Amino acid sequence: MKIRQIGDTYIAPPGAVFAGNVMINGDLILPAKTNVWGNLVVSGRVDLGPCSLVKGSVRCGRAVIGAWATIEGSLNSAGDVTISDNAHLGPVEAKGTVILRPGVIARGVKTTGTIWIYGKIKSGGLSGRHVKVYGNS
């Protein structure tokens with residue numbers, strides 16, 4: 001499988017499967033239905049496409065997690081994190097703003113920044129400088 005590189009950004013092909021751990025020095029875009037059967041370490045931003053799966057943990061600079069994506073391990077980010085609708089994650093730890101969209105399930109969210117919640121979510125606990133909730137549907 002060939003990953004395209006454009007500057008510091010790496011782009012996986014649609015539906016890619018990575019059988020082990022993945023380490024990227026830069027940004028990584030994983031399109032919809034991508035599977036990583038190990039850990040994912042990205043020095044920059046990781047965009048995990050909708051309906052994708054990471055069997056291990058994710059460590060990154062920033063993250064955008066697509067709708068219906070699953071991270072079975074933890075998500076650790078040195079910056080901001082956006083988690084889209086109906087994503088399922090283990091514990092989330094960030095040093096920036098965390099946005100949680102409706103239907104997100106996480107085993108806890110901890111950040112030094114603000115947690116923004118849009119709609120109903122399920123979480124083992126929320127810890128941040130501020131927690132702001134919008135909507136209840």
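In this predicted model, the side chains of arginine 101 and aspartate 85 meet in a salt bridge, with 3.1 Å from N to O. The two residues belong to distant parts of the chain, 16 residues apart. Arginine 101 sits in the loop between strand E15 (98-100) and strand E16 (105-106), while aspartate 85 sits in the loop between strand E12 (81-83) and strand E13 (88-89). Both ends of the bridge are partly exposed: arginine 101 has a relative accessible area of 31%, and aspartate 85 has one of 26%. Side chains of opposite charge can pair when their charged atoms come close.

The count of salt bridges in the model comes to three. Another of them joins glutamate 72 to lysine 55, with an N to O distance of 3.7 Å. Glutamate 72 lies in the loop between strand E10 (70-71) and strand E11 (75-77), and lysine 55 lies in the loop between strand E8 (53-54) and strand E9 (58-65), so this pair ties together parts that are 17 residues apart in sequence. Glutamate 72 is partly exposed, at a relative accessible area of 38%, and lysine 55 is partly exposed too, at 42%. A further salt bridge is formed by the side chains of aspartate 47 and arginine 45, where N and O are 2.6 Å apart. Arginine 45 is partly exposed, with 29% relative accessible area.

Several of the strands named so far also take part in a sheet. Seven strands make up an open sheet with parallel pairing, in the order E3-E6-E8-E10-E13-E16-E19. At its edges are strand E3 (17-18) and strand E19 (122-123), each of which pairs on one side only. Within this sheet, E13 and E16 are joined by two bridges and pair in the parallel sense. Histidine 88 stands opposite isoleucine 105, which belongs to E16. These strands also flank the loops of the salt bridge described at the start: E13 closes the loop that holds aspartate 85, and E16 closes the loop that holds arginine 101.

Strand E6 of the sheet leads to another loop residue. Threonine 34 lies in the loop between strand E5 (27-30) and strand E6 (35-36). Is threonine 34 buried or exposed? Threonine 34 is buried, with a relative accessible area of 1%. Leaving aside residues up to four places away in sequence, threonine 34 touches Pro13, Gly15, Ala16, Phe18, Ser52 and Leu53. Among these contacts, Phe18 falls within strand E3 (17-18), and Leu53 falls within strand E8 (53-54).

Two further buried residues lie in strands. Serine 77 is in strand E11 and is buried at 7% relative accessible area. A polar atom of the serine 77 side chain lies 3.2 Å from the backbone oxygen of glycine 61. Beyond residues up to four places away in sequence, serine 77 touches Cys60, Gly61, Arg62, Ala63, Glu93, Ala94 and Lys95. Gly61, one of these contacts, is thus also the residue whose backbone oxygen takes part in the 3.2 Å approach.

Valine 92 is found in strand E14, which covers residues 92-94. With 2% relative accessibility, valine 92 counts as buried. Not counting residues up to four places away in sequence, valine 92 touches Leu75, Ile83, Ala106, Gly108, Val109 and Lys110. Isoleucine 29 is 63 residues from valine 92 in sequence, and their C-alpha atoms are 20 Å apart in space.

The last group of strands brings the description back to E15. Strand E15 and strand E18 (residues 114-118) pair in the parallel sense over three bridges. Leucine 100 stands opposite isoleucine 117 of E18. E18 in turn runs parallel to E21, and five bridges join the two. Isoleucine 115 has valine 131 in E21 as its bridge partner.

Valine 131 lies in strand E21, residues 130-134. Where does valine 131 stand in exposure? At 39% relative accessibility, valine 131 counts as partly exposed. Valine 131 also belongs to a nonpolar patch on the surface, together with Leu126 and Val133. The accessible area of these residues together is about 240 Å².

Methods. Residues are numbered from 1 along each chain as its sequence is written. This is a predicted model: local features need pLDDT of at least 70, side-chain atom pairs count only at pLDDT 80 or more; totals for chains, interfaces and linings use all residues. Side-chain values use heavy atoms; hydrogens and water are left out. A salt bridge is a side-chain nitrogen of Lys or Arg within 4 Å of a carboxyl oxygen of Asp or Glu. Buried means under 20% relative accessible area, exposed over 50%, partly exposed in between (1.4 Å probe, protein chains only). Helices (H or I, at least four residues) and strands (E, at least two) are DSSP runs, numbered from the N terminus. Two strands pair if DSSP finds at least two bridges between them. Contact means heavy atoms within 4.5 Å. Patches are made of residues with over 30% relative accessible area and no salt bridge: like charges are joined within 9 Å, nonpolar side chains (Val, Leu, Ile, Met, Phe, Trp, Tyr) within 5 Å. Accessible areas come from the Shrake-Rupley method with a 1.4 Å probe; for residues, only the protein chains shown count as cover. A polar contact is a pair of N or O atoms within 3.5 Å; within protein, one must be able to donate a hydrogen and the other to accept it, and residues adjacent in sequence count only if both atoms are side-chain atoms.
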